[in-house]
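Welcome, and please have your viewer ready with selections switched on. We will take a short walk through the model, one selection at a time.

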Amino acid sequence: MEYFTPLRIIIGISGASGAIYGVRLLQALQALEVETHLVITPQAEIALEEETSWTLTAVKALATVVYAPDDLAATIASGSFSTNGMVVAPCSIKTLSAIAYSYTDNLLTRAADVMLKEGRPLILMVRETPLHLGHLRLMVRAAECGAILMPPIPTFYARPSTIEDLIDQTIGRVLARLGVQNNLCRVWKGNKNQTFS
């Protein structure tokens with residue numbers, strides 16, 4: 001796979017609960033000096049206001065480039081624009097459905113479709129629970145198209161003590177899946193009581 005150097009990653013923030021995942025991902029990538037291209041849906045703007053103390057202006061300032069969700073002529077709408085991948089954090093069921101069925105009516109879903117058609121990593125942090133059969137079938141369909149499903153499920157072997165610890169562990173795993181080295185997540189090194197025969 002051809003990778004753009006330096007790293008260039010698209011971030012989509014959709015309207016599911018968990019807007020903080022997209023914000024933290026942007027913060028981490030900014031700290032790592034990774035070029036980021038951001039699309040925030042109108043529903044995500046509402047979630048951001050409801051769930052966090054972040055303003056839309058402050059979140060946009062974390063990204064290298066920001067696009068309007070209806071700008072289907074943006075650079076990230078074309079496969080000729082090289083990127084290392086895309087993360088939708090969080091990914092609503094509506095967005096998952098559009099991606100699974102190639103329904104590209106906004107820039108977020110179009111950029112995601114470009115990742116799939118170009119064979120680039122597309123990570124979907126699907127945020128919904130409980131999941132009914134229709135949701136599960138959407139995830140299977142998206143996976144069959146090449147998407148990587150990474151719901152933000154916390155791990156506890158790192159002994160998190162704050163919500164921020166849980167978020168960082170998840171974002172660290174997402175970054176690692178994209179091949180971006182980071183120190184946000186604890187790497188499992190086996191059980192210290194393990195014995196070998």
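Start by selecting C145 and showing its side chain. Its sulfur lies 13 Å from the closest cysteine sulfur, which belongs to C91, and that is too far for a bond. Keep in mind as you look around that this is a predicted model.

While C145 is still highlighted, check its surroundings: this residue is partly exposed, with a relative accessible area of 37%.

Next, select C91. Is C91 buried or exposed? With 0% relative accessibility, C91 counts as buried. Draw a distance from its sulfur to that of C145, the closest cysteine sulfur, and you should read 13 Å. A disulfide needs the two sulfur atoms within 2.5 Å, so this pair is too far apart for a bond. The count of disulfides in the structure is zero.

Now clear the selection and turn to open space. The largest pocket holds about 240 Å³. To find its centre, select T41, Q43, K94, T95 and N106, the closest to that centre among the 15 residues of the lining.

Then colour helix 2 (42-51) and helix 4 (93-100), the elements that each give two or more residues to this lining. Which of the elements gives the largest share of the lining? That is helix 4, with three residues.

For a last view, colour the pocket lining by residue class. You will find eight polar residues, four nonpolar ones and three charged ones.

Methods: Residues numbered from 1 in each chain as written. Predicted model: local features only at pLDDT ≥ 70, side-chain atom pairs only at ≥ 80, totals over all residues. Heavy atoms only, no water. 1 Å grid on protein atoms, 1.4 Å probe; cavity = no way out; pocket = protein on both sides within 12 Å on 5 of 7 lines; lining within 4 Å. Points joined across faces, edges and corners; volume = space filled by probe spheres on them. Helix = DSSP H or I, 4+ residues; strand = E, 2+ residues; numbered from the N terminus. Nonpolar A, V, L, I, M, F, W, Y, C, P; charged D, E, K, R; others polar. Buried < 20%, exposed > 50% of the residue type's maximum accessible area, 1.4 Å probe, protein only.
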